[in-house]
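Welcome! Here is a short tour of one protein chain, from its helices to its backbone details. Please keep the structure open as you read.

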Amino acid sequence: MNSSITFRLSFPECQTHYVNVDMHIQGFSTQKQLDVKMPVWAPGSYLIREYAKNVERFSVQDEQGIDVLHEKTDKNTWRIWTEGQDVHIRYSVYAFERSVRTSFIDAQHAFLSPVGIFFYIDGHLAHPAHIMIDLPPAWSKISSGLPKIAEQTFYAENFDILYDSPIEAGNQDTWLFDVDGTLHECCMVGKADYDRDRLTADITTIVREENKIWGSNPNDYYLFITHHSQSGSGGLEHLNSTVLATPRFHYANPVTYKAYLSLVAHEYFHLWNVKRLRPKALGPFNYNVENYTTALWIMEGFTAYYDNLIIRRCGFYDEKEYLQQLAQDFNTVYNRPGYTLQSAAAASFDAWIKQYRPDENSHNTSISYYNKGAMLAAALDTKIIAHTEGHRRLDDVVRAAYEKFYLIENRGFEEAEFQRLAEEIVGTDLSDIFRAAHELVELDYNRYFHAVGYELIDSNQENKTLSLGIKTVNNDTRVIIKNIDRDSAAWQAGLSVDDELIAINDYRIDGNGKAIDHVLATVQAGDEIRMIVARDGIIEYIPVTLQYANKKSFVIQRMESASDEQRRLGDIWLSL
Ligand SMILES: [Zn+2]
């Protein structure tokens, strides 16, 4: 190939949150015009983010520095009338959104989420690219999953790989360690109180556990970029790297440290599940539009099931801690009224307009495919263990699917194929669980848990707590309704989101919540109370008939009456 695409990045104004880019396009001599496009979304994060909005000062010159005619043809496309000449496209990108999927630049460092930095040439996603990075004098390091071919120069085999390889530049703390032949690197950004040796040991344990599940590790190199900040956590998976965010004080506390390890386990699991073993819609990607799939309950839900299970298998969680995590998925789903309206598959399909765009009514209309998918994965795992008398489990299904759809056929799967393969491996019908992912039918989870000697119990069944069914926020001394549960007392009475609560039974409501607590403690279900609220500046008097909160509080525990065989299977499920 005689053509080349080279990006040169510089940060002359990093303190103002800008990166300057010079995209040098050479050898496309047979094309009179080129369309260059900025992706509108980041794979793994299912929301149209319109990265082109941060592009400024777009200009095009030929090799002599003469301006080349161009026009913008849609929100993320620029058409350049190159007439076959080599050109430099120069532009700046504003980067000031701290998250794992958006770029952020300041005087200390740059995190570059490549989908918002690099244009691709329409029709040439398969073209390789070189990336050269000029660092400000105060910065010393660049970390990326891209291979480095010279000092500060990286190579991307194609744009799918470039878009899947975030770049961190600055003075990050980095160190390398080998786990079973794969070189791993930690890249820690921002002040935090982690212990290098302990993290290396703990991540090594996690990687080994995951390699066991999948049978082989496709990477020679893998990079963990962790951003530390005052608050905020999350992660985004990539082929040979991940970007994690965690509050900087979380390493000191055993509970939050284990949550960080669980995040590591989650994102690492994705290097197989979703980055390689994937549904048809998720690779190769269309960077221009939404990529719809119903399978996120497998891709994210199974991963959410395995993250905590792996932390259990590594011995970081004891059995009780693990079961609390699993029970939390049930509480999250069943305390959201939306579970009666949206299936896990529908939540996946509509991630673009619901999961990633929550509003005040979301909990009444939707669920998370993470929690629901984890519940369904737990049902599958226990069903498989019981049916095969402990000879098989969900590990065998995901490993077989990875081998067939990725290693052998290297293609995306249809969910029906995934189900068929799972049934073949296990030797029994699994349609009950796949149907429960797609339809509004709830599984009787105890059917699955009992078979391995565990039970799911709502410990709140007898608890008769009265509730208005609202969540509030304090705005100075004002108490404002943030959301209202469907069919709750407040919902039935006609209280509204954004109402300012002023009085309950003539007691003034202030930010400490004591007036509401007092009234709810002294009345009965069915009693009518008087609320005074301010709605858009008008005082309203609203009678509310109280009812029980009806909140679930699930626990999962060993059944005392379990037989020896049930106990043996339960050990297979949850032992180290
Ligand atoms: Zn995930």
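In which helix does Arg-420 lie? Arg-420 lies in helix H11, and we come back to that helix below. Please bear in mind throughout that this is a predicted model.

## Domains

Let us begin with the overall layout. The chain is divided into four parts: domain 1 covers 4–170 and domain 2 covers 173–253. Domain 3 is made of 296–452 + 568–574, while domain 4 runs over 466–548. Between the C-alpha centres of domain 1 and domain 3 there is a separation of 38 Å.

## Helix H11 and its surroundings

Two residues of H11 make a nice pair to look at. Arg-420 has 13 C-beta neighbours inside 10 Å, so it counts as partly exposed. Ala-422, which lies in H11 (residues 415–426) as well, has 22 C-beta neighbours inside 10 Å and therefore counts as buried.

What does Ala-422 touch, not counting residues up to four places away in sequence? Its partners are Val-397 and Leu-430. Ala-422 is also 8.1 Å from Val-398, C-alpha to C-alpha, with their positions 24 residues apart in sequence. Leu-430 appears again with Arg-420: these two are 10 residues apart along the chain, and their C-alpha atoms are separated by 8.7 Å.

## Helix H9 and its partners

H9 deserves a closer look. Its 19 residues should span 27 Å at 1.5 Å a residue, and because its end C-alpha atoms are 26 Å apart, the two values agree. H9 is mostly covered, with 18 of its 19 residues buried. After H9 comes Glu-389, whose phi is positive, near 50 degrees.

How do other helices pack against H9? Two packed helices are described by the angle between their axes and the distance between the axes. For H9 and helix H12 (residues 431–438), the angle is about 175 degrees and the axes are 10 Å apart. H9 and H12 are therefore roughly antiparallel to each other. On the H9 side the contact is made by Leu-376, Ala-379, Leu-380 and Lys-383, and on the H12 side by Ile-433, Ala-436 and Ala-437.

With helix H16 (residues 564–574), H9 packs at an angle of about 135 degrees, and here the axes are 10 Å apart. That angle makes H9 oblique to H16. The crossing of H9 past H16 is right-handed. Asp-381, Thr-382, Ile-385 and Ala-386 of H9 meet Leu-569, Ile-572 and Trp-573 of H16.

## Helix H6

Helix H6 (residues 319–334) has 16 residues and reaches 23 Å from its first C-alpha to its last, close to the 22 Å expected at 1.5 Å a residue. Which residues of H6 are buried? Among them are Leu-323, Leu-326, Phe-330, Val-333 and Tyr-334, and the polar-named entries Gln-325, Asp-329 and Thr-332 are on the list together with Ala-327.

The cover over these buried residues includes helix H5 (301–313) and H9 (369–387). Strand E22 (454–458) and strand E31 (554–558) are part of that cover too.

## Gln-492 in helix H14

Moving further along the chain, we reach Gln-492, found in helix H14 (residues 489–493). Is Gln-492 buried or partly exposed? It is partly exposed, because 14 other C-beta atoms lie within 10 Å.

Leaving aside neighbours within four places in sequence, Gln-492 is in contact with Asp-487 and Thr-545. The C-alpha atoms of Gln-492 and Leu-546 are separated by 9.7 Å, although the two residues are 54 residues apart along the chain.

## Backbone details

A few backbone spots are worth checking on your screen. Most residues other than glycine have a negative phi, and most peptide bonds are trans. Arg-57, in strand E4 (residues 55–62), has a positive phi near 50 degrees. With 10 C-beta neighbours inside 10 Å, Arg-57 counts as exposed.

Asp-506 is another residue with a positive phi, of about 70 degrees, and it is not a glycine. Asp-506 sits in the loop between strand E26 (500–504) and strand E27 (507–508), and it counts as exposed because it has 10 C-beta neighbours inside 10 Å. Finally, the peptide bond joining Gly-283 and Pro-284 is cis, with omega about -5 degrees. Pro-284 is found in the loop between helix H3 (254–269) and helix H4 (296–299).

Conventions. Residues numbered from 1 in each chain as written. Predicted model: local features only at pLDDT ≥ 70, side-chain atom pairs only at ≥ 80, totals over all residues. Domains from an automatic or database assignment. Helix = DSSP H or I, 4+ residues; strand = E, 2+ residues; numbered from the N terminus. Expected span 1.5 Å × (residues − 1). Buried ≥ 20, exposed ≤ 12 C-beta atoms within 10 Å, placed from the backbone. Contact = placed C-beta atoms within 7 Å. Axes fitted to C-alpha atoms, helices over the stretch in contact; angles between N-to-C directions. Parallel < 35°, antiparallel > 145°, perpendicular 65-115°, else oblique. Left-handed = near helix turned anticlockwise from the far one by under 90°.
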